[in-house]
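Biologist: I should like to request a close look at a single part of this model. Please describe one strand, its surroundings and the charged pairs connected with it, in terms that a first-year student can follow.

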Protein chains: 2
Amino acid sequence: MAKRIRLDKSIVTASDRLAADLARRYDAAGVLVLNLMSSPGAGKTTLLEQTARALGSRFRMACIEGDLATDHDARRIAEAGMPCQLINTGGGCHLNAAQVGRALDAYRLDDLDILFIENVGNLVCPAAFDLGEHRRVVVSSTPEGDDKPAKYPVAFRLADCVVLNKIDLVRATDFSLEAFRGYVAGIKADLPILELSCKTGDGLAGWLEWVAAARAALGRRPAPAEE
Amino acid sequence: MAKRIRLDKSIVTASDRLAADLARRYDAAGVLVLNLMSSPGAGKTTLLEQTARALGSRFRMACIEGDLATDHDARRIAEAGMPCQLINTGGGCHLNAAQVGRALDAYRLDDLDILFIENVGNLVCPAAFDLGEHRRVVVSSTPEGDDKPAKYPVAFRLADCVVLNKIDLVRATDFSLEAFRGYVAGIKADLPILELSCKTGDGLAGWLEWVAAARAALGRRPAPAEE
């Protein structure tokens, strides 16, 4: 068991070095990079489709899409007007910095304002892998239940923003907004929660403002989260 | 990269040996073991609560509950009348055979008919770890979208049964039952799909029958899934 731990540590260290290289590439080009994480089906792709349509005339945006298999999501995002590079992990449970580094080569970063990374649908493993991003966004959704922040604390603790999607289903799913907000505050005080529905458009303006503000604040990286 | 792959292989082999030990313990005691996997919030715990209430007078049942953090789900299952041993993985993305082996020591297996293992909420990693179980159940839910079998093929390919939960939300989520069935058939022909709602009780009888049939068939392990 001790041996296993040593191996994992050395892998993480190599990965952190690659992530730092990515961060330097982003900053040299002046592109804001947002890493989106969630459970399968929480709505990351729909959020990016809406973002492409709403902000496409204001920012030059692109996406790196991570999926175990299929090009379903990459096609949807591209059809919404955002260029999208697909990484099929073939079973891999998260995106790593080496994969993102290779996918980046498809873009002229100098020509971009914002790059979105849609991570593999998994509320556990992606949180452990730094991709050099400026901000992390966790997308949660009401049908998953209001206690997910308490049950998956690492992803929420390392997030800079929580999008709570599918608020149109609050009543149909017995979801308590109050309980959800309490669980989030218990994990990380002052973590912003953006409550919205990608389906109805309710609350979407708050997300678009958050993205624009993050873009405006580029250069000021947030302080590292405490462990 | 080649080195990384070699390490993973040797870890899996040790894990497989432990899983084979577990399988022998289950069979010596004559207890049916079902390993439940899903995305966070698909409804594994609610399904087990319903199962405890519906089959509690017919079978002697117990549960091993895997969660990164909290005892929320373990308490719910115990309150529904099914003894439950909690494994908090502290960030670990799946249950492994060593953890299950230790949790098993809390039970007299000879006194059980059915043991449920509720795995960590993650549609990727748990599929790669054999816990010696007789059957694997993947729980999917309509709000996650109808293309999840195509996007997370490994979990579905290795499953013996798919429970599609939250069918009360089909209309509210634009979920296509026809598309879902097609994706499942594309991954593994003849994989049974049990469509139900743990909330309304619709379709629950089909699941209870499937569990009872699996219990009746104990001793006849299914043929290994093709890779």
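Modeller: The model is a predicted one. Chain A can be laid on chain B by a turn of 180° and a shift of 0.0 Å along the axis, with an RMSD of 0.0 Å. The two copies are thus related as by a two-fold rotation axis. Of the interface residues of chain A, 97% are also interface residues in chain B, so the copies meet through the same surface.

The part chosen for the close look is strand β2 of chain B, residues 61-67. Seven of its seven residues are buried, so the strand is largely enclosed by the rest of the structure. In a regular strand the side chains alternate between the two faces of the sheet. Both faces of β2(B) are covered. On one side B:M61, B:C63, B:E65 and B:D67 are buried, and on the other side B:A62, B:I64 and B:G66 are buried as well.

The neighbours of this strand come next. Strand β4 of chain B, residues 114-118, runs parallel to β2(B) and is joined to it by five bridges. Strand β3 of chain B, residues 84-88, is also parallel to β2(B), again with five bridges. B:E65 illustrates both pairings: its bridge partner in β4(B) is B:E118, and its bridge partner in β3(B) is B:L86. Together with helix α3 of chain B, residues 72-79, the strands β2(B) and β3(B) make a right-handed β-α-β unit.

B:E118 leads from the strands to the charged pairs. Side chains of opposite charge can pair when their charged atoms come close. The side chain of B:E118 forms a salt bridge with that of B:K44, at 4.0 Å from N to O. B:E118 lies in strand β4 of chain B and B:K44 in helix α2 of chain B, residues 44-55, so the pair ties together parts that are 74 residues apart in sequence. B:E118 has a relative accessibility of 2% and therefore counts as buried. B:K44, at 6%, counts as buried too.

The corresponding strand of chain A takes part in a pair across the two chains. A salt bridge of 3.3 Å, N to O, is made by the side chains of B:K151 and A:D67. This pair crosses between chains, from helix α5 of chain B, residues 148-151, to strand β2 of chain A, residues 61-67. Both B:K151 and A:D67 are buried.

A further pair lies within chain B, where the side chains of B:D105 and B:R25 meet in a salt bridge of 2.9 Å, N to O. It links distant parts of the chain: B:D105 is in the loop between α4 (97-104) and β4 of chain B, while B:R25 is in helix α1 of chain B, residues 2-29, and the two are 80 residues apart. B:D105 has a relative accessibility of 57% and so counts as exposed, whereas B:R25, with a relative accessible area of 33%, is partly exposed. Over all chains, a search of the whole structure finds 28 salt bridges.

Helix α2 of chain A, residues 44-55, completes the description. At 1.5 Å a residue its twelve residues should span 16 Å, and its end C-alpha atoms are 16 Å apart, which agrees. Among the buried residues of α2(A) are A:K44, A:L47, A:L48 and A:E49.

Technical notes: Residues are numbered from 1 along each chain as its sequence is written. Chains are lettered from A and ligands numbered from 1 in the order in which they are written. This is a predicted model: local features need pLDDT of at least 70, side-chain atom pairs count only at pLDDT 80 or more; totals for chains, interfaces and linings use all residues. Side-chain values use heavy atoms; hydrogens and water are left out. Copies are superposed by least squares on the C-alpha atoms of residues with pLDDT of at least 70 in both. Contact means heavy atoms within 4.5 Å. Buried means under 20% relative accessible area, exposed over 50%, partly exposed in between (1.4 Å probe, protein chains only). Helices (H or I, at least four residues) and strands (E, at least two) are DSSP runs, numbered from the N terminus. Two strands pair if DSSP finds at least two bridges between them. A crossover is right-handed if, with the strands pointing away from the viewer, the path from the first strand over the helix to the second runs clockwise. The expected span of a helix is 1.5 Å times one less than its number of residues.
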